[in-house]
Amino acid sequence: MTSIDWYNTADVDDRKLGIKKKQIFIGSLFFLTSFFLAQSVVFEAAVPFSVPFWAIIRTKYREYAKFVLFGSLAGCFFLGFGQVVILALQIIMYECIMRFRYWRLPQSIAVSLAVLLVQFMWQGAMYQGLPPVLVQFYVGCEAALALIMTLFMQVLFVNSYEWFTSHWTYEKLGSGLVVFAAMLTGMQAVVFSYFSLPIFLLQLFICFGALVGSVPLATVIGAVLGTLIGVAKLSFTGMLSVATLTGLCAGMGAKGGRFGVAIGSILPSVFFLFYDATLPLDSVYFTSIAIGSVLFLTIPRKYSDKVRDKLFPQREEVLIARQNWLTEHVTYKLEHFQHFVQFMKELVFERFMTAPVEEAKEVSPMNTCLSCFRYDHCWGAQNNGMDKLMTDWFHMKGVGKESAIHRVEEQMRYKCVKSTKIFEELDTELYRERINGQYFHGKKMIALQLRDMSNHLNQLIAEMKEDTVSFVSVEKDIIERLKDAHIECFQLDVLNNKPGARKIVCALAPARVDWEKDTTLAERMILPILYEIFNEPFEIEKVVACEIPFRHIQICFRSAISFEVEYDIYSMSKDATLYSGDSHALFQLHPGLFAILLSDGMGQSKEAQHESRKLIHLMRECLNYNMNPETAMHTLHYVMSLKQQDDMYATLDFALVDLQHGDLWSWKAGGMSTYILRGKEIIKVESNAAPVGFLSISAVEAEKRKLKAGDVILMHSDGLFSSVADWDEQEETFLAYAQQVASTNNTIQEKLTTIMQSFQDYFEIEDDCTVLMLEVTHVVPTWAVFRPAQYSVS
């Protein structure tokens, strides 16, 4: 398919001048064609070939209809004023038949019927009654010839874009020869001294056909044109042999180049000059073919090459270009996959090899307690709360707060007489749980990574297949669906096929009315078809009316974004220090997917900040390599468990907002609750998963919530709520202020600032704190503003 440069607006003035010249040139050609078709003769009688030509041009090339009308009337004027009247009546009758609302006839039948009715009425008026049988027979022949010529012209005069985007078939070539032969019969009277225009054009076409297609094409041109011209004159049918042999000899001389074609085309005429004295091979004929041969020698080679490519396309060049593209595309995919594998190797296996963990023996918990004489006092009926202290110890060990751990251990030493043994067993149990958690997440991570790698390989293999290269199958599917809907799309390019970021450019034949009809066609018919194929909404990004290389409409579709997100961030460190343990990132993976990351490192030191930032960075790297979010969460759990002694734990609150369908996907690893404010309703998204690096045998599962326009999403770190005051009371107060402020018309920056100031008036923030506030709204399209034309009403 011929490629078209999209949206090329350089040198607009020069291009407009060139378009104007081209329109004048094409109009002149149509004028001359209609002029000679109006004077065409078959069986020595004038035939109405101008009516089929008018019907075709009126339908497919409306802007040139006036040239055809004037040319036809001018041609008929040389035949007599009566022919002008007959032609005008036939055109009017054809327009009436085509505009009849309740009876839609095919174009060829409408043309034939218009010729038949007008001629029958005209002859009836001339004979003042029913015409003779012979006249009726002639009228019937004219209607039949008009029908046949209309069918040939429908094959030849295709839509304007098909002249540039489709190859010339033998059917189209044969139709062109028939129409050209009809024109030659109308040129018989065009003779200047020793120069005859029809003989000159016949010689020129035969020689050009021999240069382009050698013997077969030149012979066909000579035989077809010679036959039709001879039949039209009902005499000199011997010229059929002359024209056929001229094509044969010219084609045989094609091996000798242009001069071989020119000399070979003249030899049959010289032979028949001595062989048959009855043929009209006079000085006019030889002068005309000599001029035609000389002019043939001056035709630039680029024109013959262009016609040869249209008639006999060279598929080798297309296949080589396709193979080069395939090699480059597959190489890029392999390099991208290689980088992904290298990233996984550095992220997991090298760290795993440098930190081997020996398998520990399983020890029953609280073995010392079972043999202790104070067992009943600690675990029996007189329970002194030892079980709660051990639970707190495990929790604080996971959180990593040294002060809290020290406080719990002091309470355990106060209540337990064998505290040293208990702490040893607790350390062993903690170690065993970590090993089990590491094993669990390691298995999960490897399984998910193998699944992702398998998806990469499947995609790579699919793209290497013949029918999926360069979106060919997708483009063919769309074009077929458009064709089923009777939408004339002659070129379609899928520029991006990534879900949520698709971009498709469609070239349409212009509508017959105006620009608004094309836009309505795209909105009402093409957009639903794209939605059915891709299962995602689309929108019209741009509509451009182009005149080069022919008049057409370019419409650019892209994945529609139904929602947009506006956000603000409130962040503060404990005691206004330079370092904060909280880190965050909000970014778009592509125009239809928005990512939110919030991490809280344990503590308020530089190390805590480094840990949370490292977690954010690793998560972004995983997402950049198209890793599944669940795989990424388990991978981070496993990698962070292989930490050195100076590493710490960190929570991770990860969310994806689907801006196309309005969905919120949330993954949490120790993160606080996420709140969705929808008017008076509050939707909480919670998870009991442990922080990243603190291994527990619990899956990281996604929570999905449906979003609506006007929803407010709130995400925060644990530093928002104080450990001194009641958490439920703080949460209720915070949400009450958020609901109150969210309904106002202030900016999101003002809203978040007001919420935090009001909340801090009642509760003190004693830790690093980060609050993310996001507002989800519908995307409002930018409508075109126009001013209707002003008409004066008298």
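**A charged patch, a buried serine and two positive phi angles**

On the surface, a patch of negative charge is formed by D726, D728, E729 and E732. The model examined here is a predicted one. Within the patch, E729 offers a good starting point for a newcomer: this residue belongs to helix α24, which spans residues 727-742. E729 has a relative accessibility of 43% and is therefore classed as partly exposed.

A contrasting setting comes with S612, a residue of helix α22, which covers residues 606-624. Here the relative accessibility is 0%, so S612 counts as buried, the cut-off for that class being under 20%. What does S612 touch, once residues up to four places away in sequence are set aside? Its contacts are G581, D582 and S583, together with S599, D600 and G601.

Attention then turns to the backbone, and to two residues in loops. Q128 sits in the loop that links α5 (107-127) to α6 (133-156). Its phi angle is near 55°, a positive value, and Q128 is not a glycine. With a relative accessibility of 74%, Q128 is classed as exposed, since that class begins over 50%.

S193 can be read in a similar way. This serine is found in the loop between two strands, β3 (191-192) and β4 (195-196). For S193, too, phi is positive and near 55° in a residue other than glycine. The relative accessible area of S193 is 63%, so the residue is exposed.

Key
Residues are numbered from 1 along each chain as its sequence is written. This is a predicted model: local features need pLDDT of at least 70, side-chain atom pairs count only at pLDDT 80 or more; totals for chains, interfaces and linings use all residues. Side-chain values use heavy atoms; hydrogens and water are left out. Patches are made of residues with over 30% relative accessible area and no salt bridge: like charges are joined within 9 Å, nonpolar side chains (Val, Leu, Ile, Met, Phe, Trp, Tyr) within 5 Å. Accessible areas come from the Shrake-Rupley method with a 1.4 Å probe; for residues, only the protein chains shown count as cover. A salt bridge is a side-chain nitrogen of Lys or Arg within 4 Å of a carboxyl oxygen of Asp or Glu. Lys and Arg count as positive and Asp and Glu as negative; His and the chain ends are not counted. The place of a charge is taken as NZ of Lys, CZ of Arg, CG of Asp or CD of Glu. Helices (H or I, at least four residues) and strands (E, at least two) are DSSP runs, numbered from the N terminus. Buried means under 20% relative accessible area, exposed over 50%, partly exposed in between (1.4 Å probe, protein chains only). Contact means heavy atoms within 4.5 Å.
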